[in-house]
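Reader: Got a minute to walk me through this one? I'd like to know how the pieces fit together.

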Amino acid sequence: MPTSLAPEANHLLASLPAVDKARLFPHLELVQLPLGHVLYESGSQMRHVHFPTDAIISLLYVMEDGASAEIAVVGNDGIVGVSLFMGGETTPSRAVVQSAGHVYQLPGQVLKDEFLRAGPMQHLLLRYTQALLTQMAQTAVCNRHHSLDQQLCRWLLLSLDRRHSSELIITQELIASMLGVRREGVTEAAGNLQKADLIKYRRGHITVLDRAGLEARTCECYAVVRKEYDRLLPEVRFP
């Protein structure tokens with residue numbers, strides 16, 4: 001199996017002690033997910049949690065009129081389904097595949113049993129949840145106070161941190177849905193970044209040419225989120 005598809009490609013799973021891996025890994029199922037696949041809908045009961053390897057999952061809040069906006073992004077740094085082990089069982093958000101790839105699916109009851117052991121997995125999951133809450137809060141602030149160019153840079157950087165590649169396969173419509181803006185706004189913002197030689201954009205594909213340039217152009221929100229992940233999860237390393 002390629003390294004990128006091994007359970008340890010997910011940094012949370014890789015951080016577990018060998019004895020915990022031996023107990024959990026037999027219950028993991030590798031699942032391939034296409035772009036746009038919905039892992040769970042708002043209000044639906046969760047029966048599994050998912051540990052992405054090379055897939056990226058967006059958590060979206062969906063309004064009654066169908067409008068949506070991304071509140072967080074999860075990749076090989078974490079887990080999709082925190083509501084299940086936190087006791088809520090359901091959540092008002094929707095989980096959608098932003099970048100096609102693979103996840104390891106684990107039955108919810110297996111994770112809850114492991115969580116109640118109060119061992120390394122519980123410690124990891126609680127710290128990851130705090131980091132995720134920071135990302136959600138910073139996303140709300142960013143969407144309210146910063147330009148669309150800055151928001152797009154932040155979004156690209158967060159996505160790159162959770163990829164093994166500098167290329168993202170995603171449509172402008174999906175980016176617009178993630179950021180909660182009109183497609184025309186995304187077209188203009190992506191065009192600005194392309195003119196600055198920071199990205200190369202063609203239909204359905206974004207290639208980042210200058211990561212340092214994106215970091216210089218974005219707002220402070222990306223650095224705040226990155227710093228909190230590094231502080232809370234020092235063993236969960238980004239590129």
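Author: Sure, one definition to begin with: two strands pair if DSSP finds at least two bridges between them. Strands (E, at least two residues) and helices (H or I, at least four) are DSSP runs, numbered from the N terminus. This is a predicted model, where local features need pLDDT of at least 70, side-chain atom pairs count only at pLDDT 80 or more, and totals for chains, interfaces and linings use all residues. Residues are numbered from 1 along each chain as its sequence is written, and side-chain values use heavy atoms, with hydrogens and water left out.

Reader: OK. What sits opposite Leu33 in E7?

Author: Gly101 is the bridge partner of Leu33 there. E7 covers residues 101–107 and pairs with E1 in the antiparallel sense over five bridges.

Reader: And what's the strand order in that sheet?

Author: E1-E7-E3, an open sheet of three strands with antiparallel pairing. E1 (29–33) and E3 (48–52) each have a single partner strand, so one side of each has no neighbour in the sheet. Neighbouring strands are turned by 40° against each other on average, direction ignored. Angles here run from 0 to 180 degrees between N-to-C directions, with axes fitted to C-alpha atoms, for helices over the stretch in contact.

Reader: Which helix packs on that sheet?

Author: Helix H4, residues 108–115, which touches E3 and E7. Contact means heavy atoms within 4.5 Å. The direction of H4 makes about 70° with that of E7.

Reader: Switching to E6. How many of its residues are buried?

Author: Six of the seven residues in E6 (93–99) are buried. Buried is under 20% relative accessible area, exposed is over 50%, and partly exposed is in between (1.4 Å probe, protein chains only).

Reader: Which strands does E6 pair with?

Author: Among them, E4 (residues 56–62) pairs with E6 in the antiparallel sense over six bridges, and E2 (residues 38–40) is joined to E6 by two bridges, also antiparallel. Ala95 in E6 is the bridge partner of Tyr40, and Leu59 stands opposite Ala95 as well.

Reader: What about Gln98, buried or exposed?

Author: Gln98 lies in E6, and Gln98 counts as buried because its relative accessibility is 1%.

Reader: What does its side chain make a polar contact with?

Author: The side chain of Ser159, at 3.0 Å. A polar contact is a pair of N or O atoms within 3.5 Å; within protein, one must be able to donate a hydrogen and the other to accept it, and residues adjacent in sequence count only if both atoms are side-chain atoms. Leaving aside neighbours within four places in sequence, Gln98 is also in contact with residues including Glu70, Trp155 and Met178.

Reader: Back to sheets. What's the order in the one with E8?

Author: E8-E10-E9, an open sheet of three strands with antiparallel pairing. The edge strands are E8 (167–169) and E9 (199–202), each pairing on one side only. The twist averages 15° from one strand to the next. E9 and E10 (residues 205–208) pair over four bridges, and Ile199 has Val208 as its bridge partner in E10.

Reader: Which helix packs there?

Author: Helix H6, residues 148–160, touching E8, E9 and E10. The direction of H6 makes about 105° with that of E8.
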